[in-house]
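Me: I have a new structure to study and would like to go through it step by step. Please answer in plain sentences.

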Amino acid sequence: MKIGYATTIGNFDGVHLGHAALIAKIKTNAKKMNLKTKVITFNPYPFEFFELKKNRILSEVDKNLILANFKIDEINTVEFNDDFRSTSAEDFFSKYLLEGNVKYLIVGKDFKFGKERTGDLELLKNLCARNGITLEVLEDLKSENLKISSTLIRELLKNGEFKEASKLLGRTYQITGKVIKGKSLGKRISSPTANIDIGDKKFCFTGVFLGKTQINKIEYFCIINFGPKPTFDDHEQSLEAHILDYDGNIYDEALSIEFLCKIRDQIKFKSIEELKNQINEDKITAKELRKLYE
């Protein structure tokens with residue numbers, strides 16, 4: 001007998017408290033209906049594929065780690081490409097829900113599906129009713145009368161409000177990736193850094209920050225440079241952490257960098273000497289700020 005699934009669909013960028021509520025619903029209903037659980041998500045996200053003026057919250061590594069912690073039976077990550085973008089709403093329903101043997105489906109109020117987002121909730125209700133799928137639409141989850149959403153979290157991160165963003169995420173905000181060989185720019189400015197692999201993804205904020213990380217279960221503060229390096233005319237977004245009071249070799253290790261607060265915006269300096277002076281100022285600022293988190 002074919003296994004049935006309780007399922008939800010979405011980008012899950014941030015995997016915030018609203019997403020957690022959707023997942024809790026599929027787990028509860030899977031137990032009631034003797035089903036397995038499944039999340040359908042996308043990589044790249046539609047807004048990345050269409051190069052919209054919107055960037056991501058989480059690395060793909062963190063998203064997968066967080067989803068795995070929910071102990072979902074199946075995570076179906078669909079590649080958003082030219083073929084997928086041309087899938088009609090009806091074909092999307094047929095391929096991912098009917099053929100996927102979905103018996104219970106829950107989505108958010110703003111859910112759209114299919115080519116050019118032509119599939120709306122009304123169409124989804126009709127298709128589910130005709131095919132014996134129980135559909136539930138989750139009401140917006142709110143915090144202090146504001147809808148918990150990836151859009152709101154992006155805004156908080158952009159403004160350096162990590163404490164507020166973490167409340168809506170249900171955990172501290174961090175980015176995880178493998179430590180890789182960089183361009184050795186840190187050595188040129190007498191401030192060696194751990195370069196964290198974030199792939200070719202663009203994130204929703206940039207700047208210089210105070211953060212912390214764990215190496216061999218010991219916690220270290222760090223100064224994070226996140227974004228392009230305008231002084232070196234390097235416009236690719238990268239994540240580099242100057243780990244304070246640590247000088248060991250951590251190449252190829254996975255590192256999670258937790259963001260605590262913003263030190264400053266990124267600036268294009270007139271010279272490397274000017275940049276070095278600013279980095280020394282950043283270290284003094286970081287030393288003062290870390291007292292708030294010790």
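Me: Which strands does helix 6 (residues 121–130) lie across?
Reply: Helix 6 lies across strand 4 and strand 5, and runs at about 165° to strand 4. The angle is taken between N-to-C directions and can run from 0 to 180 degrees, with axes fitted as lines to C-alpha atoms, for helices over the stretch in contact. Helices (H or I, at least four residues) and strands (E, at least two) are DSSP runs, numbered from the N terminus.

Me: Before we go on, what kind of model is this?
Reply: It is a predicted model, in which local features need pLDDT of at least 70 and side-chain atom pairs count only at pLDDT 80 or more, while totals for chains, interfaces and linings use all residues. Residues are numbered from 1 along each chain as its sequence is written, and side-chain values use heavy atoms, with hydrogens and water left out.

Me: How many helices and strands are there in the chain?
Reply: The protein chain has 10 helices and 13 strands. Its C-alpha atoms fill a box of roughly 70 × 40 × 35 Å along the principal axes.

Me: Back to strand 4. In what order do the five strands of the open sheet stand?
Reply: The order is 3-2-1-4-5, and the pairing is parallel. Strand 3 (74–78) and strand 5 (134–138) are at the edges with a single partner strand each, so one side of each has no neighbour in the sheet. On average, neighbouring strands of this sheet are turned by 20° against each other, direction ignored. Two strands count as paired if DSSP finds at least two bridges between them.

Me: How many bridges join strand 1 and strand 4?
Reply: Strand 1 (residues 5–9) and strand 4 (residues 102–108) pair in the parallel sense over four bridges. Thr 8, for instance, has Ile 106 in strand 4 as its bridge partner.

Me: And Thr 7, buried or exposed?
Reply: Thr 7, which belongs to strand 1, is buried, with a relative accessible area of 0%. Buried means under 20% relative accessible area, exposed over 50%, and partly exposed in between (1.4 Å probe, protein chains only). Leaving aside neighbours within four places in sequence, Thr 7 is in contact with residues including Ile 26, Lys 38, Val 102 and Ile 106. Contact means heavy atoms within 4.5 Å.

Me: New topic. How many residues are in the largest nonpolar core?
Reply: That core has 48 residues, and among those touching the most other members are Leu 157, Tyr 173, Phe 205 and Phe 259. Helix 1 (residues 17–33) gives the most to this core, with five residues. A second, separate core of 21 residues includes Ile 9, Phe 80, Phe 93 and Leu 121. A nonpolar core is a set of buried Ala, Val, Leu, Ile, Met, Phe, Trp, Tyr and Cys residues joined through side-chain atoms within 4.5 Å.

Me: Which residues of helix 8 (residues 162–169) are buried?
Reply: They are Phe 162, Ala 165, Ser 166, Leu 168 and Leu 169. Seen down the axis, these buried residues fall within an arc of 160°, so they line one face of helix 8. The arc is that of the directions from the helix axis to the C-beta atoms. An α-helix has 3.6 residues a turn, so residues three or four places apart point the same way.

Me: What covers that face?
Reply: The cover over the buried residues of helix 8 includes helix 1, strand 6 (142–143), helix 7 (150–158), strand 10 (207–215) and strand 13. Gly 170, with a positive phi near 80°, follows the helix.

Me: How many residues of strand 13 are buried?
Reply: Eight of its 11 residues are buried, which leaves strand 13 mostly covered. Strand 13 (residues 254–264) pairs with strand 8 (residues 174–180) in the antiparallel sense over five bridges, and Lys 178 stands opposite Ala 254 there. Strand 10 also pairs with strand 13 in the antiparallel sense, over five bridges, with Gly 211 opposite Phe 259.

Me: Last one: how many disulfides does the structure hold?
Reply: The structure holds zero disulfides. Cys 261 is in none, and the nearest cysteine sulfur, that of Cys 222, is 11 Å away, whereas a disulfide is a pair of cysteine sulfur atoms within 2.5 Å. Cys 261 is buried, with a relative accessible area of 11%, and Cys 128 is buried with 1%.
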